[in-house]
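Hi,

Here's the structure I said I'd send over. Have a look at it first, and my notes are underneath.

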Amino acid sequence: MKVAKVITHIVEAPVSEPFHWAIGEASSRSSCVVEIITDTGLVGWGECFGPARPAAAMVKAYEPWLLDFDPLATEQIWQNLYASYRDQGQKGIPICAISGIDIALWDIKGKYFGMPIYQLMGGPLRTEVKAYATGTYRKRDGDPMDYIADEVARYKNEGFSALKLKIGFEVDEDLALISKVRDVIGPEMGLMLDANHGYDAVDAIRLARAAEAFNIGWFEEPVSPEDLDGYLAVKSSTSIPMAGGETEYTRFGFREIFRRRAMDYVQPDTCAAGGLSECKKIADMANAFGIRYVPHVWGTGIGLAAALHLLAVLPHNPPGRRPWEPILEFDRSEHPARQAILTVPIEHKRGFVNIPAGPGLGIEIDKQTLAEFTVD
Ligand code: CA
């Protein structure tokens, strides 16, 4: 079996109402979807996180190391792709492109052997995962104290046992919102904070110390991703665990985070950090360093399915009668194509999501809908 064709689809759709977070705003959602076709007619799907057009260009640049190669040789292909642009491509878009390709190859591998990816990656430690709701983005108009209070009440009613609140704007305003959200959801529900690296260490430390009163699960991206010393400063000032890593890449990038123990939870994005092959390695390193792993997920149903297969095989650390279980980031913000491109959407039931059990990623792409969302 050989790779016969590599196709990229720029999936893009405007959202009904623009929404923002500490450092950016979304008026549309887009993804680079990767389709790899073999000479035997098998088709695999993958997704690259991050800017879609540069990722698609980079996927195209990798074609010489894909066409006519055996798609089952995922390790060899990963090494070839990484080596081909290593000197200028150790992080960022080149690795996002490898990620989408690698996920598509694993989808082919699963379909070839007639098994879900998690079966080929060691067999499942779990077949469903607890999901937390990601949302609480800001609108251009209205008072967040009102509309975010309504939003988090909805997540509680839907059965989620945890949610993540966006902060990173202004410390006192953020603290007032944290207090309000804790009031609305009650003392039991898990509450995590995500500053999207909108603070420096001074503000992050002030926020963290005051937020300790609200029983916070983790403090995500308190400071800029390059500033590991900043992470360590915040970490040493508070009992709230540090989370981050959605903009870090490969085992080589995460090695530094692990070595310095800058984070308590690492959040590699499967569609960015190197794909399933690489993220399994990062997860095993996290396990060796005693650091928790929670995949970052913010794309279409393809990226969501890939994260679920990885979640199925994440090792317990340590194993025990009631070990800590990894949790799925379930993005509730508007993304018109997210579930629409799947023939069967991946939904939660009272805050739990089943891991797709069909061959490969266990999803089918609705090619008609995909075409409707695809722009040139
Ligand atoms: Ca985040």
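Below is what I found, mostly about salt bridges, with a few notes on one threonine at the end. Keep in mind that this is a predicted model.

The structure holds 23 salt bridges in total. I'll go through a few that join distant parts of the chain.

Start with Glu-325 and Arg-126, whose closest N and O atoms sit 2.5 Å apart in a salt bridge. These two are 199 residues apart in the chain: Glu-325 is in the loop between α11 (301-313) and β12 (328-331), while Arg-126 is in the loop between α4 (117-120) and β4 (128-134). Their surroundings differ in exposure. Glu-325 has a relative accessible area of 35%, which makes it partly exposed. Arg-126 comes out at 7%, so it counts as buried, the limit being under 20%.

Next is Arg-332 with Glu-158, a salt bridge with 3.4 Å between the closest N and O atoms. Arg-332 belongs to the loop between β12 and β13 (352-354) and Glu-158 to helix α5 (residues 144-158), so this pair ties together parts 174 residues apart in sequence. Both ends are partly exposed: Arg-332 has 27% relative accessibility, and Glu-158 has 26%.

Now for a strand-to-strand case. Lys-164 and Glu-329 form a salt bridge, with the closest N and O atoms 2.9 Å apart. Lys-164 is in strand β6 (residues 162-166) and Glu-329 in strand β12, with 165 residues separating them along the chain. So are these two buried or exposed? Lys-164 has a relative accessibility of just 1% and Glu-329 has 2%, so both count as buried because each value is under 20%. This pair is also part of something wider: salt bridges with shared partners join Lys-164, Lys-166, Asp-194, Glu-220 and Glu-329 into one network.

Finally, a look at Thr-8, which is found in strand β1 (residues 3-21). At 26% relative accessibility, Thr-8 is partly exposed. Leaving out residues up to four places away in sequence, Thr-8 touches Cys-32, Val-33, Ala-56 and Val-59. As for Ala-55, its C-alpha atom lies 9.1 Å from that of Thr-8, and the two residues are 47 apart along the chain.

That's everything from my side for now.

Cheers

Technical notes. Residues numbered from 1 in each chain as written. Predicted model: local features only at pLDDT ≥ 70, side-chain atom pairs only at ≥ 80, totals over all residues. Heavy atoms only, no water. Salt bridge = Lys/Arg side-chain N within 4 Å of Asp/Glu carboxyl O. Helix = DSSP H or I, 4+ residues; strand = E, 2+ residues; numbered from the N terminus. Buried < 20%, exposed > 50% of the residue type's maximum accessible area, 1.4 Å probe, protein only. Contact = heavy atoms within 4.5 Å.
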